[in-house]
Amino acid sequence: MAHALTAVRLLLVVPTTVAFARPGFLDPRILFVLLWAAIATDYGDGKVARMTGTASARGQLFDHGTDFVFVTAGLTGAALAGLVTPILPVLITIAFSQYVLDSYWKDRQKQLRMSAIGRWNGILYFVPLVLISASRLASPGSVAALLALTAGTAGYALAVSTVVSVIDRAVAPSK
């Protein structure tokens with residue numbers, strides 16, 4: 001059941017990415033629902049796995065990998081539309097690659113080794129997407145513009161926090 005929830009999020013990648021890149025592709029209400037479905041499945045899959053006793057290192061990798069694909073693709077779509085900095089999806093790719101490589105090869109663990117900064121970044125990467133989606137629901141004007149501006153600003157803040165996360169993970173073994 002947990003894997004099915006994660007798979008739903010994976011299936012939402014293409015339509016949401018295209019919708020972020022091309023505002024007229026989906027009705028804003030549909031994008032809003034799809035985005036919240038992705039967030040709900042992200043929230044629920046781990047809980048379901050723990051409740052059913054099916055939590056595993058592979059399931060964690062599937063969940064985190066799907067989160068990575070979803071937010072990176074969505075933010076790439078938003079970057080193509082000029083709504084967030086294009087460096088953010090690049091930095092997320094670097095950070096996620098480092099996370100996986102450090103966990104499995106460098107640390108020789110059998111599961112992902114999370115960090116506090118990386119965990120919060122993983123959650124907060126959804127914020128610009130939510131703000132953009134909300135801006136499309138708002139009536140054209142100052143509220144929509146403020147939400148879009150806040151999404152762009154959040155993108156820059158997340159780019160900085162992602163660099164901090166990469167540096168933190170790189171120097172963590174020497175602490």
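Is F126 buried or exposed? In this predicted model, F126 has a relative accessibility of 6% and therefore counts as buried, since the cut-off for that class is under 20%. The residue is a convenient place to start, and its aromatic partner leads on to the helices.

F126 and F70 form an aromatic pair that is stacked, with 5.9 Å from centre to centre and 25 degrees between the planes of the rings. Because F70 belongs to helix α4 and F126 to helix α7, which covers residues 126–137, the pair ties together parts of the chain that are 56 residues apart in sequence. F70 is itself buried, because its relative accessible area is 1%, and the cut-off is 20%. The pair is one of 4 aromatic pairs counted in the model, and elsewhere ring pairs link F68, F96 and Y99 into a cluster.

From F70 the view can be widened to the packing of its helix. Two packed helices are described by the angle between their axes and by the distance between those axes. For helix α1, residues 2–11, and helix α4, residues 57–80, the angle is about 15 degrees and the axes are 9 Å apart. The two helices are therefore roughly parallel to each other, as the angle falls under 35 degrees, and their crossing is left-handed. On the α1 side the contact is made by H3, T6, A7, R9 and L10, which meet G59, F62, D63, T66, D67, V69 and F70 of α4. Sorted by class, this contact between α1 and α4 has 5 nonpolar, 4 polar and 3 charged residues.

F70 also leads to helix α2, which spans residues 13–21 and contains T16. Leaving aside residues up to four places away in sequence, T16 touches L31, L34 and F70. T16 is buried, because its relative accessible area is 0%, under the 20% cut-off. As a measure of how sequence and space relate here, T16 and T93 are 77 residues apart along the chain and 18 Å apart from C-alpha to C-alpha.

A further threonine, T162, lies in helix α8, which covers residues 142–171. T162 counts as buried, because its relative accessibility is 1%, again under the cut-off of 20%. With residues up to four places away in sequence left out, the residues that T162 touches are L88, L91, I92, A95, N121 and Y125.

Definitions and conventions
Residues numbered from 1 in each chain as written. Predicted model: local features only at pLDDT ≥ 70, side-chain atom pairs only at ≥ 80, totals over all residues. Heavy atoms only, no water. Axes fitted to C-alpha atoms, helices over the stretch in contact; angles between N-to-C directions. Helix = DSSP H or I, 4+ residues; strand = E, 2+ residues; numbered from the N terminus. Parallel < 35°, antiparallel > 145°, perpendicular 65-115°, else oblique. Left-handed = near helix turned anticlockwise from the far one by under 90°. Contact = heavy atoms within 4.5 Å. Nonpolar A, V, L, I, M, F, W, Y, C, P; charged D, E, K, R; others polar. Buried < 20%, exposed > 50% of the residue type's maximum accessible area, 1.4 Å probe, protein only. Phe/Tyr/Trp six-rings, centres within 6.5 Å; stacked < 30°, edge-to-face > 60°.
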